[in-house]
Amino acid sequence: MENSETTCWEPAFVTSKLLKGEKAPPNLPFGSSGQYAAIVVNQPIEDQQKLLDILAGATLIVFADGAANYVRDLELTESEEQNLIPDFICGDLDSIRPEVRAHYEKKGTKVIQDTDQYSSDLTKSLKCIKNYTKPPIHAVIIGGIGGRFDQGFSQLHHLYTASKESWLPNGQIFLANSQSICFLLGKGMNKITTPVGPGLFAENVGIIPIARPSVITTKGLEWDVSDWYTEFGGQMSTSNHIRSNTIEIETSERVLFTIELDRSQEQ
């Protein structure tokens, strides 16, 4: 493959073990991914504890328009609510309820209205992160996959646009829900730190050629492949299994990588 650039990924900072401040497994290079902003999208909250954990560790919190309604409607203790006060609410503001907006503004949240109808509330929230943080900073999108299918595909679309637009964050972007994390691997070599264990990752991963066919070579999976052509309607590497603390994936095109979160310790 022509592109020899290597991109390193350390997604374990979004796992419950590290979010709770527990010590990382030895000999794994955590730390460089520790600074991140969090975006809550306008979808029902499926895992309240996951939301609390991710937002507690974020350096910046953004609610995408109507996401503020869902968070406000949660049954929270006073201390939990304090940890869920966003720095910004961004979007065209056609979804947020007036009383919810007033509540967060009273708490010090800055509300930014962007009426551009050619961009989504998620894109507007990513733009907000770019404008109010020092790069590079990673972004974790909570509720990134789930709910309405069209919104889910829209969020995958914005993973692609974020890698090309200079006005979007130049850190890495992760979509997270209660069961998985996914992110877009760039062309060339990708090295992904993948610790499997309680509170970290389960073994299941997928490599999905969403935009166009790709040729991939992998190392560290149960079913590794070499110069393997993958496309929708053809062969794809889904439900593969981690067999190393670091996975290597070389790809001729950008592909979506998904990894399952371990939930064995959850009640």
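How many aromatic pairs does a search of the whole structure find? The search finds eight aromatic pairs, and the tour comes to two of them after a look at confidence and at the sheet.

Begin by colouring the chain by pLDDT, since this is a predicted model. The mean pLDDT of the protein is 86, with 87% of its residues reaching 70 or more. Select residues 26-33 next: here the pLDDT is below 50, although in the model this stretch has 18 contacts beyond near neighbours in sequence. Where pLDDT is low, the predicted coordinates should not be read in detail.

Now turn to the sheet, which is open and is formed by 10 strands with mixed pairing, in the order β5-β4-β3-β2-β6-β7-β8-β15-β10-β13. Its edge strands, each of which pairs on one side only, are β5 (110-113) and β13 (237-241). Following the sheet across, you will find that the twist averages 25° from one strand to the next.

With the sheet still displayed, select helix α2 (residues 48-56), which packs on the sheet and touches β2 (36-40), β3 (60-64), β6 (138-142), β7 (173-176) and β15 (255-261). The direction of helix α2 makes about 145° with that of β2.

Go next to the β13 edge, where strand β10 (residues 201-208) and β13 pair in the antiparallel sense over three bridges. To see one residue pair there, select Ile207 together with Ser237, its bridge partner in β13.

Return to the aromatic rings and show Trp9 and Phe174, which form an edge-to-face pair at 6.0 Å centre to centre, with 90° between the planes. Because Trp9 lies in strand β1 (residues 6-9) and Phe174 in strand β7, this pair ties together parts that are 165 residues apart in sequence. Trp9 and Phe174 are both buried.

Add Phe13 and Tyr36, an aromatic pair that is tilted, with 5.1 Å centre to centre and 50° between the planes. Phe13 sits in the loop between β1 and α1 (16-19) and Tyr36 in strand β2, 23 residues apart, and the pair thus links distant parts of the chain. Phe13 and Tyr36 are likewise both buried. Selecting Phe183 and Phe257 as well completes a cluster in which ring pairs link Trp9, Phe13, Tyr36, Phe174, Phe183 and Phe257.

Finish at helix α6 (residues 121-132), whose 12 residues should span 16 Å at 1.5 Å a residue, which agrees with the 16 Å between its end C-alpha atoms. Colour its buried residues, which are Asp121, Leu122, Thr123, Lys124, Ser125, Leu126, Cys128 and Ile129.

Note on methods. Residues numbered from 1 in each chain as written. Predicted model: local features only at pLDDT ≥ 70, side-chain atom pairs only at ≥ 80, totals over all residues. Heavy atoms only, no water. Helix = DSSP H or I, 4+ residues; strand = E, 2+ residues; numbered from the N terminus. Expected span 1.5 Å × (residues − 1). Buried < 20%, exposed > 50% of the residue type's maximum accessible area, 1.4 Å probe, protein only. Pairing = 2+ DSSP bridges. Axes fitted to C-alpha atoms, helices over the stretch in contact; angles between N-to-C directions. Contact = heavy atoms within 4.5 Å. pLDDT = per-residue confidence, 0-100. Phe/Tyr/Trp six-rings, centres within 6.5 Å; stacked < 30°, edge-to-face > 60°.
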